[in-house]
Amino acid sequence: WEFNGSFYQPSAFLMMGIPGLEALHPWISIPFCALYLTALLGNCVILFIIRKTQSLHEPMYYFLSMLAVTDLGLALCTLPTTLGLFWFNVRRIGFDACLTQMYFIHILSFIESSVLLAMAFDRFIAISHPLRHPSILTKTTVLKIGLAIVLRGMVSLLPIPFLLKRLTYCGKTELSHSFCFHPDIMNLACADIKVNVFYGMIILLSTVGMDFIFIVLSYILIIRTVVSLTTREECLKALNTCVSHICAVLVFFIPMIGLSMIHRFGKDVPPLVNTLVAYTYLIIPPALNPVIYSIKSTHIREALLRALRRKRG
């Protein structure tokens, strides 16, 4: 503990694995390794395929590249502490290291939310205004959107580590997960956390909350456009281009909303449920997104098959 008058701050926190299943951590690490390996290899393959295939150099796949980079970052943020705990029972994480990990986890989560919104906007323009799509979403525009997404995440979350650092901590130092999460750290403080709660809620609603609302609005407009199409085949073809994105949105937002609700209102929720939802939120989307896009996107699948044939040849 660091002491400065009445101000107390732990030198480290203790991370938790899966409550009640500590003895099985080495075995539980096997599916986690499979998920991390899928996330790392899958997203690297997506980036490689898009970079090497000239026909994929268009807005939809630029945004998919952003999603893949974000998923790689999320996987790499939690991998060292999660596998370190499961394999070697390394539970201790320094206070500043914890705040750093928390900051990057939240930034990447916010970036992923914004990228999914940008992809929804791309689908809306492609379906509603197909002739104007290339002129609206140029390479320069896509680059500007990407920079705006990163800056929004970095700036909006910048005060969070400082708001946590000003708090006095006492008693428990055990985190609920094998990684650092803002509400988790905040609830260990024995000081007034109203500012942290208020700021966290405002930022969450004004970023991820607004992103989700605009994604829903985009699909309402897309459905209106699709319904106006003359033939059933055209309707199905237009909707089929959105299936991968809809799956990615559901995989990301459902666990995120669930985890946010549990941290704020679910004090009576069993710790095991809290832990499983947290792992689902941070590990499943990076692993599933490349699989979803590889299966559902004909262009990605064909480019991947061509690359494999060239390698065999």
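Let's start with the second largest cavity and what lines it. By class, 4 residues of the lining are nonpolar, 3 are polar and 2 are charged. This is a predicted model, so keep that in mind throughout. The volume of this cavity is about 60 Å³. Which residues line the second largest cavity? They are Met-60, Phe-63, Met-119, Asp-122, Arg-123, Thr-241, Ser-244, His-245 and Tyr-293. Helices H2, H3 and H10 each give two or more residues to that lining. H3 gives the largest share, with 3 residues.

Now the largest cavity. Its volume is about 170 Å³. The lining has 14 residues. Nearest the centre are His-106, Phe-110, His-182, Leu-204 and Arg-264. At least two residues come from each of H3, H7, H8 and H10. The classes here are 9 nonpolar, 4 polar and 1 charged. The count of cavities of 30 Å³ or more comes to 3.

On to the open sites. The largest pocket has a volume of about 710 Å³. It is lined by 27 residues, and those closest to its centre are Ser-176, Asp-184, Asn-187, His-263 and Asn-274. Which elements give two or more residues to this lining? Four helices do: H7, at 182–186, H8, at 194–227, H10, at 243–265, and H11, at 271–296. The lining splits into 14 nonpolar, 8 polar and 5 charged residues.

The second largest pocket comes in at about 540 Å³. Its lining holds 19 residues. Met-60, Arg-123, Ala-238, Thr-241 and His-299 sit closest to the centre. Two or more lining residues come from each of H2 (59–88), H3 (95–128), H9 (232–240), H11 and H12 (298–312). By class, that is 8 nonpolar, 7 polar and 4 charged.

Look back at the second largest cavity for a moment. Met-60, Arg-123 and Thr-241 are among its lining residues. Those names also appear in the group closest to the centre of the second largest pocket.

Next, the cysteines. How many disulfides does a search of the whole structure find? It finds 2. Take Cys-98 and Cys-180. They are joined with an S to S distance of 2.0 Å. The link is left-handed, at -120° about the S-S bond. It connects distant parts of the chain, 82 residues apart. Cys-98 is in H3, while Cys-180 is in the loop between H6 (159–165) and H7. Are these two cysteines buried or exposed? Both are buried.

Then there is Cys-170 with Cys-190. Here the S to S distance is 2.3 Å. Cys-170 lies in the loop between H6 and H7, and Cys-190 in the loop between H7 and H8, so this disulfide ties together parts that are 20 residues apart in sequence. Cys-170 is partly exposed, with a relative accessible area of 34%. Cys-190 is partly exposed too, at 42%. Count the bonded cysteines along the chain, and the disulfides follow the pattern 1-3, 2-4.

What about Cys-44? Why is there no bond from Cys-44 to Cys-77? The sulfur of Cys-77 is the closest cysteine sulfur to that of Cys-44, but it is 15 Å away, so it is too far for a bond. Cys-44 counts as partly exposed because its relative accessibility is 42%. Cys-77 is in no disulfide either. Its nearest cysteine sulfur belongs to Cys-180, 11 Å away. Cys-77 has a relative accessible area of 18%, so it counts as buried; the cut-off is under 20%.

Last, the record. An unreviewed UniProt entry annotates "transmembrane region" over residues 24–50, 62–88, 100–121, 142–164, 197–222, 243–264 and 276–295. How do two of these look in the model? Residues 100–121 are 100% helix and 0% strand, and the end C-alpha atoms lie 32 Å apart. Residues 276–295 are also 100% helix and 0% strand. There the end C-alpha atoms are 26 Å apart.

Technical notes:
Residues numbered from 1 in each chain as written. Predicted model: local features only at pLDDT ≥ 70, side-chain atom pairs only at ≥ 80, totals over all residues. Heavy atoms only, no water. UniProt positions renumbered as here; feature names shortened; annotations may be inferred. 1 Å grid on protein atoms, 1.4 Å probe; cavity = no way out; pocket = protein on both sides within 12 Å on 5 of 7 lines; lining within 4 Å. Points joined across faces, edges and corners; volume = space filled by probe spheres on them. Nonpolar A, V, L, I, M, F, W, Y, C, P; charged D, E, K, R; others polar. Disulfide = S-S within 2.5 Å. Buried < 20%, exposed > 50% of the residue type's maximum accessible area, 1.4 Å probe, protein only.
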